[in-house]
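The following exercises are to be worked through with the sequence and the model in view. Each task is followed by a solution in steps.

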Amino acid sequence: PHHRPHHRRLALLAPSRARLLPALHSAHADTAFKQQNLRAWRPILTPKAVIVTFFVVGVVFVPIGIVIYLTSQDIVEVESANYVAAVDDGGCCISDCDSSGSDSRTDLNPCYLTIEIPEDMEPPIYMYYRLTNFYQNHRMYIKSRDDAQLRGEPGLKPDDTEVFCKNGDGNVGWAVNYDSGGSANNTLSNVVSPCGLIANSLFNDSLRLVEGNVSGWREVEQYSTDISWASDRENKFKNAPDGSTGNNFPHFVNEKVTFANCTLLPTGLTPSTDQREACLAAKKTDAVVASGQEPGWCFPNSGFCAEDEHFIVWMRTAGLPSFRKLYARIEEKLVAGTNYSVQIWNGLAADPKLAGDPALSAVATPVPKLYPVHTFNGDKTVVLSTTAWIGGKNDFLGIAYMVVGAVCLVLAIAFAIKDRLAPRCARTRAHARLRAWRLACTERSRASPKTAEPRTSLRLNASSRLAFVRAHRVQTGTRTRTPIRP
C-alpha cells in the first residue's frame, strides 16, 4: 500500500473522490519546485577551504584597516571646553552654576570660548555643536510633530494639529490657552506653528568662529547653507503660503516681525532689494489676505522660519543621547597657534556683531541665559573638524578591520598547523561509493598510523550514512530506494 499511486489510494478509500483528482493534480503538480526537490548547493567545508578563506579575509582586512586608520589620523578634530561649566573652568556660567533650576542660573550672553588649533586645518571645515544626556530618541518626543504643518500645508488650525503635537494632559509644544474646547479659539491666529516637543526644544544658541577675543576680533568666513539634507529642504520643510508659519512660536519671534516694513532681516542685517521686494509681495498674496495673518519673513522660499537650515537639522532627531549636529561650514584655512574664539550668544540683541546698532533699538535687552541643558546634567561643546573620504574622524573603524583581519590570520595559521599534524579525511560528493570513501580513509590511516585518527571516527551513524546516500543519488541521478551499504 505504501507504493500504490496516490490516485489509486483515493479511489480505494472513497470512489466518489476520484472526480476531484484532476483538480488536486493541477493544484499540486509534481514539479521539482512545488515538491521542494530543487537541486541545492550544500558545500562541505574542508580544512583547506577554511584555511584559505580565513587567510584571504585576513590579507584583505588588515591593509584596509591600516589605510582607514591612517586616514583617520590625518583628520584634524578639536573640541572646546564644556561651556555649561563656570567661567573659571572655561565655560560661560557666572552664578548658580550647580543649580538644576532654569531661573536662578546666570550665563554670559554673549560668551567667548577659546579654542586651540593644534595643526593647520584646510577647508572645508565643519562646525558642530555637541550635546550630551539629551534623549531625542524618546518615543513621545519623536512623535510630537505635525509633518503636514512642517511641509507648509495651509489652513491648519489647533484642532488639526492637536492630535500630533499635544502630549497627554501636557501642553508643552502646544498652546495652553487655545485648547479645542470651543470653536472660538480654533483659528489660524491661535495655532502654534510649528508645534510639538522637537520644535519647542530647538537649540537656539548662535555660534560664530572669530580670530581674536572679546577685546578685538575678526570674523572667520563661515556659511550655514547646505548643512541639511537636500531631501529635507526640498520636500519636508516649507513655510505655509497663508502666513501661519511662526504663529505663537517663541523661537520665530524675530522672523514674524518685519522691522519697519521689511527693512531689516531677522538676523539684524539689511536685506537686499530682491529680499525686501519678496517680503512686501508676500504680504499681498491672496492666501495671506484671506487668512488675515502677518507672515513676516515666514513666507515660502524666504529661507527663514521652517526653511531655516538650523531648524531643519535640529528636527532630524538623533538616535543616541550624546550627539553632534552640524551648525556651519568654514571656508577659510585655520592656522595652528592662532588665537581663535567661538562667540556664543542667545537672542538677536546679544549678537556681538550688532552691538550698539541703532536699528535694533526696538529689540529687548539680552537675557543672561543660554540654551539650558543643566537641568538634566547635560554638556555643550563646540567641535571643529575636517573630513576625508571616510567621513569624520573614526579610529574605531580602522582598528576593527585590523583586529578582525589579525584574528583571521591567526586562525588560518592555527588550522594549517593542526591539519598538518593531524589531518582529517574529507567527505565530499566526489566519492562514487561509500565503500570507496572508507577504503581511501583506511589506506591513508595505515600509511600514517601516528597521525591518523582513531578507527572509531571512521564509523558513520545512521544519519550520516543517509546524508551520504542522498548526496550520491543527487550526483548520479538515481531514484532507487535500495540503501547503499558499505
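**Exercise 1.** How far apart do the end C-alpha atoms of residues 49-70 lie, and what percentage of the span is helix?

*Solution.* The model is a predicted one. Begin with the record: an unreviewed UniProt entry annotates residues 49-70 and 396-417 as "transmembrane region". Next, take the span 49-70: its end C-alpha atoms are 32 Å apart, with 100% helix and 0% strand. Finally, examine residues 396-417, where the end C-alpha atoms also lie 32 Å apart and the span is 100% helix and 0% strand.

**Exercise 2.** Identify the residues with the most contacts inside the largest nonpolar core, and state which domains contribute to this core.

*Solution.* The largest nonpolar core comprises 56 residues, and Leu 209, Trp 314 and Leu 384 have the most contacts inside it. At least three residues of this core come from each of domain 2 (78-136 + 204-224 + 316-356 + 377-387) and domain 3 (145-177 + 189-195 + 229-305). Now inspect Trp 314: leaving out residues up to four places away in sequence, its contacts include Tyr 129, Phe 134, Ile 198, Phe 323 and Tyr 371. A second, separate core has six residues, among them Tyr 126, Tyr 128, Ile 227 and Val 383.

**Exercise 3.** Determine the strand order of the open sheet and locate its edge strands.

*Solution.* The open sheet consists of five strands, ordered S1-S11-S5-S9-S8 with antiparallel pairing. Its edges are S1 (77-79) and S8 (222-223), each of which pairs on one side only. At the S1 edge, three bridges join S1 to S11 (residues 380-385) in the antiparallel sense. There, Glu 79 has Val 383 of S11 as its bridge partner; Val 383 is also one of the residues in the second core.

Terms used
Residues are numbered from 1 along each chain as its sequence is written. This is a predicted model: local features need pLDDT of at least 70, side-chain atom pairs count only at pLDDT 80 or more; totals for chains, interfaces and linings use all residues. Side-chain values use heavy atoms; hydrogens and water are left out. UniProt positions are given in the numbering used here, feature names are shortened, and annotations may be inferred rather than shown by experiment. Helices (H or I, at least four residues) and strands (E, at least two) are DSSP runs, numbered from the N terminus. A nonpolar core is a set of buried Ala, Val, Leu, Ile, Met, Phe, Trp, Tyr and Cys residues joined through side-chain atoms within 4.5 Å. Buried means under 20% relative accessible area, exposed over 50%, partly exposed in between (1.4 Å probe, protein chains only). Domain bounds come from an automatic or database domain assignment. Contact means heavy atoms within 4.5 Å. Two strands pair if DSSP finds at least two bridges between them.
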